[in-house]
Amino acid sequence: MAYWLAKKREGQDTDFIQRFDPRFWTVDFPRPMMASVVTTAPDALRVDCEFHHHDALAGLIWESEDRYDHPLLSYDTNRDYARTTLSFRWRSSGVLPLDAVHGPTLTIEGRDANGADRSWYVRLWNYASGSPEDALVSLPFSGLREGWAAEGALVHPSDIDRMFLSCVPTSYDPADTRLLPQRANGWIELSEINCDGEHAMLTIGDAILPPHEVGIATAYDDSYNQTPSRLLRNALHLGYRDQLIHYVGMSHYFRLAPTGDGRLLIPPAADLCDPCRLWHEDFLAQCKTMGFDPIVSLSFEIFEEHCRNGWKQRDWQGNPALTGWEPPSTLIDPAHPAGIAYLCDIAETFVRLQTEAGLPPLFQVGEPWWWVNADGEPCVYGSGVRSIYANPPHIDDLTSTDETGFLEWLATTLGSAVQAMANRITGIWGEQAVTHVLLFTPTLLDPERPAVTAMNIGPELGEAHFDILQVEDYDWLTAGAEALRRSAYARLDNALGYPAERQHYMSGFVLDAADAEAFWPLIDSGLDEAIARGVSRTFVWALPQIVRDGYVRLPVEENDVQSFDDVLYPLALGRDASVAPEFSTSISLTASGHERRNSQWSDARLNYDVGPGIRSQAELGVLLEFFRARRGPARGFRLSDPYDFSSNGLTGSPSMLDQLIGTGDGLTATFQLRKSYGAIDEPQLRNITRPRADTILISVDGVAETDWLLGDGGKITFTNAPPDGAAIRAGFLFDVPVRFAEDRLDISGATFAAGDAPSVALIEVREAI
């Protein structure tokens with residue numbers, strides 16, 4: 001499958017937007033407050049906030065450089081705001097009004113006329129007309145002054161990086177870090193947004209890719225600061241359609257309540273914070289408009305700082321489960337009734353929002369597992385477990401499954417908790433509901449830690465309990481651990497029983513942008529592989545990384561003509577047939593008479609003339625029929641080369657030690673059959689794509705190996721990856737993929753009868769591997 005990592009637009013469609021288009025503002029803030037921004041009209045947006053501290057502050061941000069859209073869809077960078085005016089109607093409630101001390105301020109970050117970094121602080125009330133909570137604001141950038149009464153320095157408008165509007169609670173005090181007496185909610189709305197002047201319009205990418213077969217995955221934690229319209233515009237324009245996976249996250253959806261000791265924790269009664277609820281109402285409504293059917297995903301993972309102590313998974317020493325994120329998240333104990341009840345309530349809340357938007361109830365339990373801390377201690381001793389399982393044994397060796405009874409109990413407990421979440425949805429929405437469970441195989445099926453598998457995988461996760469099994473294996477995928485990946489699919493099939501048509505595959509992800517060039521080819525090939533396995537749906541994880549790295553999944557190009565018929569040329573070539581290996585070499589002659597030669601092909605391309613092998617009118621008829629069946633050069637076929645058809649020399653009997661086809665690294669399972677010609681230190685290598693399957697012999701470090709499969713294009717795939725440093729050798733007989741060289745076959749009966757051999761040119765086909 002073709003893909004592209006686009007760095008910039010290269011002639012793709014563009015359009016124009018008005019600078020300060022509501023879709024392209026973002027919002028940000030320090031924890032633990034929450035805020036979100038949504039578009040409410042083509043010229044309007046709304047920011048909703050939940051404040052917990054006196055010094056809480058949110059910023060509504062416009063950036064001159066587009067950092068959140070795909071390179072094919074981003075707006076052009078323009079830092080010049082000179083002779084440009086932004087105007088809007090301001091309305092607000094629950095936040096400091098325009099005329100207050102510390103009231104709404106426009107902070108502008110850029111450089112002054114001398115190129116030095118500079119920030120300006122512009123009081124909005126100085127440029128407003130109306131009441132402090134309902135006013136028209138006009139901001140002429142070439143005339144803006146900072147200061148309480150606009151008595152300060154003029155803003156330099158020609159080199160601005162970004163600007164943001166502040167939004168703070170009514171009791172705001174930047175020096176007071178204490179909790180508010182109670183949570184405070186507030187909102188601002190900008191409507192009638194308009195930009196006039198010399199730099200009022202921006203060019204924006206408007207490429208629209210044809211729909212393809214891959215779905216997209218999004219996450220609220222990754223995109224909370226964007227408008228849903230911006231997020232979904234990227235998905236739609238990049239060709240993603242139908243179902244998408246939307247992970248509601250682990251840190252931004254919940255409402256918080258004070259505990260009396262200065263902490264904020266999730267209350268037992270499940271509730272979404274207002275910014276999250278309003279963002280998702282808009283997100284789901286736009287999904288409905290754009291034709292997306294989101295699968296709402298909720299996991300056991302939750303932000304550690306705000307998780308109730310009794311809910312946390314814990315290791316033998318009582319340490320909470322801590323993930324590798326910074327700050328860390330933890331995981332809810334599947335044996336804790338209140339923790340699981342909370343997750344069930346949250347799941348119901350999100351799916352209810354989904355159905356109220358007119359969407360089908362599609363729900364996923366994401367990556368359920370018992371966590372293992374970084375020191376190898378399994379977190380299976382939380383208060384929920386200890387309240388139910390008397391005297392649990394200490395599991396300190398994950399390579400052993402001796403504690404079978406406890407491990408099976410853990411798997412049953414986990415599976416029952418996952419079922420409880422799914423059953424809440426099916427209990428309300430019945431047959432309309434489609435439940436999914438997402439499993440991460442590198443953790444759950446690690447062959448070096450069988451105890452982890454035993455404590456996590458049980459029949460409770462099987463096909464009788466969920467509609468769809470979803471699988472992701474990105475750690476193995478990006479590491480090239482092919483044998484482990486294939487083995488995991490087979491193990492899940494055997495353990496859980498989901499047929500391929502009830503499985504989905506998620507491919508990704510690229511945490512570090514520096515890995516983009518190395519990882520995206522593997523991710524894209526993982527999608528192709530899953531499609532070939534017959535799974536019903538594939539998804540790529542995740543949209544923020546796709547737009548950051550410029551990944552483009554190109555649609556399948558239908559080909560009405562079959563490109564290759566796996567049949568053998570039907571006539572013996574005889575001794576008079578000719579073969580001509582051909583290279584492509586550029587030769588330049590220098591002024592001194594010396595030559596500079598550049599070999600443009602790494603392998604020779606063969607040309608044949610098989611006409612001299614035709615000996616009778618009957619064979620001539622066979623040739624004509626075969627030529628017509630191939631539609632001339634349209635379809636390739638196999639040719640048995642009489643001069644070179646074996647791995648042993650040219651025509652010898654093959655043995656398992658003939659050709660070195662690779663060296664094991666402990667991860668790679670697939671190796672390409674190939675043949676080398678020439679000196680050992682610098683051989684010319686030839687890929688063998690059409691071996692004779694029944695002749696192949698394989699050895700690993702000189703020992704015969706039979707646990708492998710032959711794939712398309714001459715690929716040998718081992719069930720278990722050969723060990724690091726092992727020499728993989730092969731012996732085989734092979735044919736050459738060829739096609740007729742011309743659309744026309746000129747044969748004269750008279751010349752044939754006179755003994756003149758016809759010319760029938762064939763040319764080798766270079767096959768993709």
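**Exercise 1. How many nonpolar, polar and charged residues does the lining of the largest cavity have, by class?**

Solution. This model is predicted: local features need pLDDT of at least 70, side-chain atom pairs count only at pLDDT 80 or more, and totals for chains, interfaces and linings use all residues. Residues are numbered from 1 along each chain as its sequence is written, and side-chain values use heavy atoms, without hydrogens and water.

Step 1. Find the cavity. On a 1 Å grid over the protein atoms alone, a cavity is a set of points where a 1.4 Å probe fits but cannot get out. Three cavities of 30 Å³ or more turn up in a search of the whole structure. The largest has a volume of about 40 Å³ (the space filled by probe spheres set on the points, which are joined across faces, edges and corners).

Step 2. List the lining (residues with an atom within 4 Å of a point). It consists of H52, L179, L180, Q182, R183, P258 and L264. Strand β13 (residues 179–197) gives the most, with four residues; strands are DSSP runs of E, at least two residues, and helices runs of H or I, at least four, numbered from the N terminus.

Step 3. Sort by class. Ala, Val, Leu, Ile, Met, Phe, Trp, Tyr, Cys and Pro count as nonpolar, Asp, Glu, Lys and Arg as charged, and the others, Gly among them, as polar. The result is four nonpolar, two polar and one charged.

**Exercise 2. Describe how helix α2 packs on helix α3.**

Solution. Step 1. The axes of α2 (residues 228–237) and α3 (residues 274–290) come within 9 Å and cross at roughly 30°. Axes are lines fitted to C-alpha atoms over the stretch in contact, and angles run from 0 to 180 degrees between N-to-C directions.

Step 2. The two helices are therefore roughly parallel (angles under 35 degrees).

Step 3. The crossing of α2 past α3 is right-handed, meaning that the near helix is turned clockwise from the far one by less than a right angle.

Step 4. In contact (heavy atoms within 4.5 Å) are P228, S229, L231, L232, R233 and L236 of α2 with W279, D282, F283, Q286, C287 and M290 of α3. Eight of these residues are nonpolar, two polar and two charged.

**Exercise 3. Which helix gives the most to the lining of the second largest pocket?**

Solution. Step 1. A pocket is an open set of points with protein on both sides within 12 Å along at least five of seven lines. The second largest holds about 1,300 Å³ of space. Among its 38 lining residues, R486, E529, D712, K715 and I769 are the closest to its centre.

Step 2. Helix α11 gives the most, with eight residues.

Notes:
Parallel < 35°, antiparallel > 145°, perpendicular 65-115°, else oblique.
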